[in-house]
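Thanks for coming, everyone. Please bring up the sequence and the structure, and we'll walk through a few places together.

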Amino acid sequence: MPIKVNYSFESTALVYPYQEWHLKRGQDDSYVSELVNNKTNAISHLKNYKFERGDVAEVNLREDLEAGTYVKFQDTIATIHSFYIDNEITKLQNLKAVESESLIMNSAGEKESIILQAQREYDFAQQQLQLEKKNYERKSLLFADSIISMADFEAVENAYKLAQIEVEIESNELEILKSGKKSEELNYIRQKIDSYEREIQTLEQLKDQFFIVPPIDGIVNYSKVVNGIISLSDTSSYILRIPVKVNNIQFLNSISSIQLKIPGYDEEVVATFLDIEENVSLMANQQMAIAKALIPGGHQNIYPGMAVQCKVVCDRITLYQYLKRGVQLSL
């Protein structure tokens, strides 16, 4: 008979948002921010927040962020607070303040006060050297017994060497003051002040990175991924993942439409075929591939994670070809 019909098959598919952004816990007490494009399966905007050993880092979410809240692109939704960084900034600010006072004293010509200040700094450097020496000797024993790693031991060793250099610097500085070389002293203090200021600025820039801003507009949800803290779903459109039997893959190049029904509603939605993933997996004792289709936005009754029954309509064939394909697929 010259009658032709559309070849089609049905499948239960899952709905995904077009894009998903996640903030989650990483390894070694770190935090990871990433953007997943469900159309291309690409991961971008990957950022890893790592902290020094012994630091106490805490994530503070915006108080009004309830599940279902709509968040705009680049809105601050959380902050990460690092006690180590705050402590380092405070320490550098104090050192800068000490050097600034020292510069004023030198510029005013109060030679005895300057020498006294330099003597105190030298004594302080000596004390720091003794502390670093004890720490180095203790860590040497632990490293010899393979209790601590090479990286930890090298950090302690470097701190000890820096303490030795600092004692030498403070000793030279004291001798210069006693010998009356005041101009060199002033230049050195200015350099130290500039150095502390640059370090403070670097740490302040690092703190700015701890304001968490998503790279997309989206709807807030929680516990969507393993170790997840907060996620955003871009529902401007949706991606439909359709399990397809391996024998039906050959017919996907001639798709005329993809139709789906929303559970609980009579509305019929049409999706546009995108591509098929190359991986094949075993589902219900059948080899299945995953086809992806795009559902345009504007459908209020579609939600990410929803399972929908869809019908994939392919090419027009004769009844004989239709029956023949059905027999081949059942074998």
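**Backbone, strands and cores**

Let's start in a loop. N41 sits in the loop that links β2 (31-37) to β3 (42-49). One caution before I go on: this is a predicted model.

Look at the backbone of N41. Its phi is near 65 degrees, a positive value, and N41 is not a glycine. Why mention that? Because most residues other than glycine have a negative phi. Is N41 buried, partly exposed or exposed? N41 counts as partly exposed, because its relative accessibility is 41% and the partly exposed range runs from 20% to 50%.

Now step into strand β3. H45 lies there. H45 also has a positive phi, near 50 degrees, and is a residue other than glycine. Its relative accessibility is 51%, so H45 counts as exposed, the cut-off being over 50%.

Next, the strands further along. Focus on β12, residues 286-296. Which strands pair with it? One is β9, residues 228-245: the pairing is antiparallel, over nine bridges. Within it, I239 has L294 of β12 as its bridge partner. Another is β11, residues 268-283, again antiparallel, over eight bridges. Here I276 stands opposite A291 in β12.

Stay with β11 and β12 for a moment. They form a hairpin, with two residues between them. A284 is in that turn, and has a positive phi of about 50 degrees.

Now the inside. In soluble globular proteins, nonpolar side chains tend to be buried together. So what do we find here? The largest nonpolar core has 25 residues. Which residues have the most contacts inside it? They are L240, I242, L260 and I295.

Where does this core come from? At least two residues each are supplied by β1 (4-25), β9, β10 (257-261), β11, β12 and β13 (307-318). The largest share, five residues, comes from β13.

Let's zoom in on I242. Leave aside its neighbours within four places in sequence. I242 is then in contact with S11, A13 and I258. From there, its contacts go on to A289, I290, A291, A293, C310 and V312. You have already met A291: it is the residue opposite I276.

There is another core, apart from that one. It has 24 residues, and W21, I85, Y196 and I229 are among them.

To recap, keep three spots on screen. N41 is in its loop, A284 is in the hairpin turn, and I242 is in the largest nonpolar core. Thanks, I'll take questions now.

Technical notes: Residues are numbered from 1 along each chain as its sequence is written. This is a predicted model: local features need pLDDT of at least 70, side-chain atom pairs count only at pLDDT 80 or more; totals for chains, interfaces and linings use all residues. Side-chain values use heavy atoms; hydrogens and water are left out. Helices (H or I, at least four residues) and strands (E, at least two) are DSSP runs, numbered from the N terminus. Buried means under 20% relative accessible area, exposed over 50%, partly exposed in between (1.4 Å probe, protein chains only). Two strands pair if DSSP finds at least two bridges between them. A nonpolar core is a set of buried Ala, Val, Leu, Ile, Met, Phe, Trp, Tyr and Cys residues joined through side-chain atoms within 4.5 Å. Contact means heavy atoms within 4.5 Å.
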